[in-house]
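Let's take a walk through this structure, stopping at a handful of spots along the chain. Have the viewer open and follow along.

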Amino acid sequence: MSETTSTNEENKPPLNGRRAIPPNYSNDEENEVPEMEAFGLIPRGFNPRDYLRVVDIYMFKEPQEINKQEHHTDKYYNPRLIVRRGQAFQIQIDFNRPYKPETDQFWLELLMGRYPQQNKGTYIPILVGNVLKPGQWGAKIIHRENNSIRLSIMSSATCIIGKFRLYVAVLTPYGILRTRRNSATDTYILFNPWCQLDAVYLDDEKEREEYVLNDVGIVFHGNIEDIKSRSWSYGQFEENILDACLFLMDKAELELSGRGNPIKICRVASAVINSRDDNGVIAGSWNNSYDYGVAPSAWTGSVDILLEYYSSKQPVRYGQCWVFAGVFNTFLRCLGIPARLITNYSSAHDNNANLRLDFFLDDEGKVDTRLTKDSVWNYHCWNEAWMTRPDLPVGFGGWQVVDGTPQETSDGMYRCGPASVQAIKHGHVCFQFDAPFVYAEVNSDIFYTRVEKNGTQVVEKIDTTRIGQLIVTKEVGGDGMVNITEEYKFREGSDEERLALETAVMYGVKKQSIQDTTYQPQTDVDMDFQAQKAVLGNDFKVTITFGNKSRNSYTATTYLSGNTVFYTGVTKSEFQKHSFSAKLEPSSSSSFDIVIKSSEYMRDLLEQASLHFFVTARINETGKILAVQKALMLEIPTLRIKTKGELVAGKEASVTVEFTNPLKQTLENVTLRLEGPGVLRTIKKQFGRIPMNSTLTWEVKFFPMQPGLRKLIASLNSDALRHVYGELNVQIQKP
């Protein structure tokens, strides 16, 4: 006996005066489980074979079998059993002889990690009884035949999620006999939106199908005047994705005992999705140069990114907001947390969270880029995850904002959320986490402030309606867009909106009142700016219109500045400067056209083909300044995708991707990508160049995997042209 104790000592981790066992972060690590756990000295004649012995365990883990069907996990491309918590599942145990309930005693054990402990939820003994209680661990025999029994096992609706090891233990007078370690019986337990006792319970079946089971989504981008959409493959059921998502929680060092709580999981995941400060999944890059990596616009889905990270353990280059949001959505849906991708048009990135974006003008009325630090993103994508919030007062559960894009730090790390959408709407920004930042993204005002030579600041215009004008997501069960702005804010100018703002200010959101600044706008003249629909590579015209409502004649010195911008609203370069004097007759309106030539803007065009116009006009008679700004998306050509004949699961099929180069230049370093969850894994092909006006055709042969309605998604990336997409819905027949 003394020998066995000494070997145990050596395996023990080094002692630490603060905790008895080391932190338990890894779902993958294991401990040694003895096959015979003796109660004391074993008599010489003891033979374990005389007792009840487990010969085989059958898990019913095939996609068409009862467990995966009833638990909505049949789509996972994974050979192990996957079940959702708080719901019964079945297994069959074959013994060496018929089971005798009067004398035989056995139970099941589920273990996770290297230091399983019952009080941490990482060691779960499951006793066999006569009745199953909803949402509590237990097992019950539902069928006995010869040497076999069939068990129905109920899991707790609050248990931790992840991958468990399963053992069957049999009691003998001299010790406990256990089954040998067998990875084929490993069981994944996930969140259960179908279970009323689960924190992520969602009561609408159509919504569960969309927000948990749909593996393709839509990203809305572009800008408020010109909304564009593209498909994104979430691929949460693809091979190895579930393991990759569990690894993210190990990487974020989330204690195993905290993994039953969706609030904690969202909080750590929003940090680990980006690579800032923790070597997380995606490295962001907003500077238009993507050496040694993939341009953010070239990705067609999350699978390649997660699998690359899972194998290399190094950040994948590169992402921008919709890539962070797409991968985050895959992570949440994969673990069973209902999730959707949100786009906020004209999103404020307010560096000092004072609900005010400052655009500084010099004394001529031009924007001073040196002083202006805040920016308006054409759009910004984040996620919403559905859960109860027992840590907040009643009424703040439901959709929670989580954002994996690194913008500002929260508690010392680049992360954001979960913040209750309901709390943001009502201005209750005191409730964790990061509600003031999200409140500012959808509610800030834009101040145009002229800085005089002596440093005095004069507010020339306040725009209270531009920020967060439109917040959208994909509709349930279709590819259309749903406007959810009302979930985030009350109607502009309503009493409720004013009350929500006052509440937010009361809870510490900084807001400078307009009374603090001298502000007397010119009210009898208004200025409007319109742009023609513009196709990439073509000239187009813009129009500035003045309406003079007064009885006076005015002259307006007008500046038009055209800039190529990142979608984050940050300027790269000014390609067009134009100034003129406009005569404004009393009680009339006058329009002025300006032609924008493609040769001017193509030189510095950035990947989202986004131009930004800033117009300021000084009314010479009063010295007042009018200001307006507008983002313009150029039309980018699309890829054409075609399939030949009927597509049948498991039979070879062919798909063709075509693209015609519309630019007056040759495209260099062209890469095409094609993917479709359940249809084909991502395929990439490099093409050297595409001369102007010529058409590229790429044919791919593949074997569709699963029958049903599926989507093919393609992207083209090159040095001069990015954000080129195409998609096709395909019906795959049963063989």
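Before we start, a word on what touching means here: two residues are in contact when they have heavy atoms within 4.5 Å. Keep in mind too that this is a predicted model.

With that in hand, go to D403. Leaving out residues up to four places away in sequence, D403 touches S270, F328, H380, C381, W382, R415, C416 and E441. D403 sits in the loop between β19 (398-402) and β20 (409-410). Is D403 buried or exposed? Its relative accessibility is 2%, so D403 counts as buried. There's a polar contact to look for as well: a polar atom of the D403 side chain lies 2.9 Å from the backbone nitrogen of T405.

One of the residues on that contact list, H380, is a good next stop. H380 belongs to strand β18, which covers residues 375-387. At 0% relative accessibility, H380 counts as buried. Setting aside neighbours within four places in sequence, H380 is in contact with C321, I342, T343, N344, S347, D403, T405, Q407 and E441. So what ties C321, H380 and D403 together in the record? In an unreviewed UniProt entry, C321, H380 and D403 carry the annotation "active site". They're spread over 83 residues of sequence, yet they cluster in space, with a largest C-alpha distance of 9.9 Å.

Now for the helix α7, residues 321-335. At 1.5 Å a residue, its 15 residues should span 21 Å, and the end C-alpha atoms are 22 Å apart, which agrees. How many of the residues in α7 are buried? The count is 15 of 15, so to speak a mostly covered helix. Right after α7 comes G336, which has a positive phi, near 100°.

There's a second annotated group to visit. The unreviewed UniProt entry puts the feature "binding site" at N443, D445, E492 and E497. Here, too, the residues cluster in space although they're spread over 55 residues of sequence: the largest C-alpha distance is 13.6 Å. N443 lies in helix α9 (residues 435-443), and with 16% relative accessibility N443 counts as buried. Beyond its neighbours within four places in sequence, N443 is in contact with I467 and K489. E492, on the other hand, is found in the loop between α10 (485-488) and α11 (495-506). With a relative accessible area of 34%, E492 is partly exposed. Not counting residues up to four places away in sequence, E492 touches T464, T465 and E497, the last of these also being one of the annotated positions.

Further along the chain, have a look at the open sheet of 3 strands, ordered β27-β28-β31 with antiparallel pairing. Which strands stand at the edges? They're β27 (525-531) and β31 (588-596): each has a single partner strand, so one side of each is left without a neighbour in the sheet. From one strand to the next, the twist averages 15°. β27 and β28 run antiparallel and are joined by 7 bridges; one place to see this is D528, whose bridge partner in β28 is T545.

Stay with β28 (residues 540-548) for a moment, as N548 lies in it. At 3% relative accessibility, N548 counts as buried. A polar atom of the N548 side chain lies 2.8 Å from the backbone oxygen of N552. Leaving aside neighbours within four places in sequence, N548 has contacts that include D524, V525, Y554, L584 and S588.

The next strand to pick out is β39, residues 695-702. In a regular strand, the side chains alternate between the two faces of the sheet. You can trace two faces in β39: L696, W698, V700 and F702 make up the covered one, while T695, T697, E699 and K701 make up the uncovered one. β39 pairs with β36 (residues 653-660) in the antiparallel sense over 8 bridges, and T695 in β39 is the bridge partner of T660.

Finally, jump back to Q105, in the loop between β4 (89-95) and β5 (106-111). At 45% relative accessibility, Q105 counts as partly exposed. Q105 touches A169, V170 and L171, not counting residues up to four places away in sequence. As for G365, 260 residues apart from Q105 along the chain, the two C-alpha atoms are separated by 86 Å.

Conventions. Residues numbered from 1 in each chain as written. Predicted model: local features only at pLDDT ≥ 70, side-chain atom pairs only at ≥ 80, totals over all residues. Heavy atoms only, no water. Helix = DSSP H or I, 4+ residues; strand = E, 2+ residues; numbered from the N terminus. Buried < 20%, exposed > 50% of the residue type's maximum accessible area, 1.4 Å probe, protein only. UniProt positions renumbered as here; feature names shortened; annotations may be inferred. Polar contact = N/O pair within 3.5 Å; in protein donor to acceptor, adjacent residues only side chain to side chain. Pairing = 2+ DSSP bridges. Expected span 1.5 Å × (residues − 1). Axes fitted to C-alpha atoms, helices over the stretch in contact; angles between N-to-C directions.
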